[in-house]
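Here are a few exercises to work through with the model open beside you. Each task comes with a step-by-step solution, so try it yourself before reading on.

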Amino acid sequence: MNAMIDLPASASSVVEPRAPSSPLIEVRNLGKRFGDVEVLRGVDLDIERSEVVCIIGPSGSGKSTLLRCLAALETYDTGEVRIEGELLGYGEKNGRRVRASQGEINRVRRNIGMVFQQFNLWPHMTALENVMEALLRVQRLPRAHAQRRANAMLETVGLANKGDAYPAKLSGGQQQRVAIARALAMEPHIMLFDEPTSALDPELVGEVLQVMKQLARDGMTMAVVTHEMGFAAQVADKVMFIDQGRIAVQGKPREVFHDARDPRLRQFLQNYFDRNAFWSRGGEGETA
Ligand SMILES: Nc1ncnc2c1ncn2[C@@H]1O[C@H](COP(=O)(O)OP(=O)(O)OP(=O)(O)O)[C@@H](O)[C@H]1O
Ligand SMILES: [Mg+2]
């Protein structure tokens, strides 16, 4: 049913052999509730070094909450999140689990970069200043050093000539690329992306996906919540389908997109194709 997703010939076979080591991120039996609502229900996942994991699923299924738990932007209630082997968010005292201090949390998550749907750039700072800000304030780099690194990062995302521009003078795609440069400047070991292209006009999506593809090719470890199925099919080593707070299906793109048996995944993909077919007809006619 999923012939519309273009898989490169190598998609299911080329996974670089990796040095044997623990996963960069390990999640075991993760549970999170907001009041009475159980948003994550026993999530297990591993993200290996240099792996690209794409996370798909219906609205409200818990995708953003999962990413936010990985970055310690949300607390979790049960289970474990380990970053490079270290428990995130909690420590142990007298044999009991206790909440870690903010300083300890910041230390464990220091190698995680995150990019959101909204770019959240400072409007009163230029692109270069936005990228430099955390280098100066968090990493406390000397100004010249921060500036060199920020310029190099802007170049990485194809914005070498936009350092002096204020966000209001940049397109959405350019602003999102500045946000990516800002995260990369901190030299993260993993980048988390939460629907980085869904606030963009369609014609600007490609330039951001291009930057992300290049990052993946350069070996960056990435977890990407996305509705861009073509991107997931091309770039992901592993695709996870989250449904109602659980990882319902995970596998290589081919397994998830072409051999889907799970009825809710099939329904989700069908809705996606119907919507896309609708727009490729110019938005006319009935959606199925
Ligand atoms: N801060 C919060 N307080 C209360 N409920 C929340 C909070 N954040 C998320 N939720 C609820 O948790 C559930 C999962 O939300 P989440 O944002 O993780 O979903 P999602 O899969 O990212 O959805 P979308 O595709 O729409 O972004 C939803 O029912 C949402 O309403
Ligand atoms: Mg979300």
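**Exercise 1.** Find which residues of α3 meet which residues of α4 in this predicted model, then classify the angle between the two helices.

*Solution.* Step 1: on the α3 side, the residues in contact are A127, L128, V131, M132, L135 and L136. Step 2: their partners in α4 are R143, A146, Q147, R149, A150, N151, M153 and L154. Step 3: fit the axes of α3 (residues 127-137) and α4 (residues 143-156), which come within 9 Å and cross at roughly 130°. Step 4: α3 is therefore oblique to α4, since the angle is not over 145 degrees, as roughly antiparallel would need. Step 5: for the handedness, α3 passes α4 in a right-handed crossing.

**Exercise 2.** Now do the same for α5 and α6: what is the angle class of this pair?

*Solution.* Step 1: the axis of α5 (residues 172-184) comes within 8 Å of that of α6, and the two cross at roughly 20°. Step 2: angles under 35 degrees count as roughly parallel, so α5 is roughly parallel to α6. Step 3: the crossing of α5 past α6 is right-handed. Step 4: list the contacts, with G172, G173, Q174, Q176, R177, I180 and L184 on α5 facing L204, E207, V208, V211, M212 and L215 on α6.

**Exercise 3.** Locate the largest nonpolar core and say which residues have the most contacts inside it.

*Solution.* Step 1: the largest core holds 58 residues, and I180 and M222 have the most contacts within it. Step 2: helix α6 (residues 202-217) supplies the largest share of this core, eight residues. Step 3: look around I180, setting aside neighbours within four places in sequence; its contacts are V115, V157, M191, F193, V208, V211, M212 and L215. Step 4: a second, separate core has 35 residues, including V39, L40, L45 and M240.

**Exercise 4.** Two polar residues to finish: is Q175 buried or exposed, and is E51 buried or exposed?

*Solution.* Step 1: the cut-off for buried is under 20% relative accessible area. Step 2: Q175, in helix α5, has 17% and is therefore buried. Step 3: beyond four places in sequence, Q175 touches F119, L121, P167 and L170. Step 4: E51 sits in the loop between β2 (37-47) and β3 (52-56), and its 7% relative accessibility means that E51 is buried too. Step 5: the side chain of E51 has a polar partner, the backbone nitrogen of E48, at 2.9 Å.

Definitions and conventions
Residues are numbered from 1 along each chain as its sequence is written. Chains are lettered from A and ligands numbered from 1 in the order in which they are written. This is a predicted model: local features need pLDDT of at least 70, side-chain atom pairs count only at pLDDT 80 or more; totals for chains, interfaces and linings use all residues. Side-chain values use heavy atoms; hydrogens and water are left out. Helices (H or I, at least four residues) and strands (E, at least two) are DSSP runs, numbered from the N terminus. Buried means under 20% relative accessible area, exposed over 50%, partly exposed in between (1.4 Å probe, protein chains only). A polar contact is a pair of N or O atoms within 3.5 Å; within protein, one must be able to donate a hydrogen and the other to accept it, and residues adjacent in sequence count only if both atoms are side-chain atoms. A nonpolar core is a set of buried Ala, Val, Leu, Ile, Met, Phe, Trp, Tyr and Cys residues joined through side-chain atoms within 4.5 Å. Contact means heavy atoms within 4.5 Å. Axes are lines fitted to C-alpha atoms, for helices over the stretch in contact, and angles run from 0 to 180 degrees between N-to-C directions. Angles under 35 degrees count as roughly parallel, over 145 as roughly antiparallel, 65 to 115 as roughly perpendicular and the rest as oblique. A crossing is left-handed if the near helix is turned anticlockwise from the far one by less than a right angle, and right-handed if clockwise.
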